[in-house]
Amino acid sequence: MYPLDLVKTSKLAKKLGGPPIFHDGYLQKIIIEENNVILTIKILAQNNPLLNKDTQVTLHLKNVESIQFNAQSIKQTIMVIHDIDVRKENSHLRMILESSLGEKSEFIFESIELND
């Protein structure tokens with residue numbers, strides 16, 4: 001699993017008073033710039049006790065080595081997120097996005113930054 005101490009030190013976690021829960025939400029936008037990927041995600045307040053309202057979060061994946069993306073077209077969003085799992089593997093991080101339809105997308109990268 002992703003080292004929780006790094007998530008706790010993010011701007012978003014400091015603002016919320018703890019790490020956000022990414023279970024259930026919406027992937028709204030993906031931007032690929034050179035070797036970085038920016039994901040815009042809406043976290044649903046109903047599944048996150050730290051949020052009073054649905055919150056848009058930006059994940060900056062830095063030095064991305066590979067992307068494998070799978071998702072069906074869903075009205076007004078790229079993917080309905082069921083779960084996000086980030087793990088440290090060797091010298092890199094691996095993130096798997098699982099959609100509510102069971103599709104899995106994978107990102108392998110060097111570091112991550114969370115902002116709202």
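Three short exercises with worked solutions follow, all on a predicted model.

**Exercise 1. Set out the secondary structure of the protein chain and its overall burial.**

Step 1. Count the elements. The chain has two helices and eight strands.
Step 2. Put them in order. From the N terminus, the elements run α-α-β-β-β-β-β-β-β-β.
Step 3. Turn to burial. Of the 116 residues, 41% are buried.
Step 4. Take the surface. The chain exposes about 6800 Å², and carbon and sulfur atoms supply 47% of that area.
Step 5. Check the contacts. Among contacts with a separation of 6 or more, 51% link residues 24 or more positions apart.

**Exercise 2. Find the strand order in the sheet, and explain why β4 and β8 each have one side without a neighbour.**

Step 1. Read across the sheet. The order is β4-β7-β6-β5-β1-β2-β3-β8; the sheet is open and its pairing antiparallel.
Step 2. Look at the edges. β4 (66-68) and β8 (111-115) each have a single partner strand, so one side of each lacks a neighbour in the sheet.
Step 3. Add the twist. From one strand to the next, the twist averages 20°.
Step 4. Zoom in on one pair. β1 (residues 25-33) and β2 (residues 36-43) run antiparallel and are joined by eight bridges. Ile-31 stands opposite Ile-38 in β2.

**Exercise 3. Decide whether Lys-53 is buried or exposed, and place Lys-53 in the chain.**

Step 1. Locate the residue. Lys-53 sits in the loop between β2 and β3 (55-62).
Step 2. Apply the cut-off. Exposed means over 50% relative accessible area. Lys-53 has 61% relative accessibility, so Lys-53 counts as exposed.
Step 3. Take a distance. Lys-53 and Ile-43 are 10 residues apart along the chain, and their C-alpha atoms are separated by 8.9 Å.

How values were computed: Residues numbered from 1 in each chain as written. Predicted model: local features only at pLDDT ≥ 70, side-chain atom pairs only at ≥ 80, totals over all residues. Heavy atoms only, no water. Pairing = 2+ DSSP bridges. Helix = DSSP H or I, 4+ residues; strand = E, 2+ residues; numbered from the N terminus. Axes fitted to C-alpha atoms, helices over the stretch in contact; angles between N-to-C directions. Buried < 20%, exposed > 50% of the residue type's maximum accessible area, 1.4 Å probe, protein only. Contact = heavy atoms within 4.5 Å. Areas by Shrake-Rupley, 256 points an atom, 1.4 Å probe, with all protein chains shown as cover.
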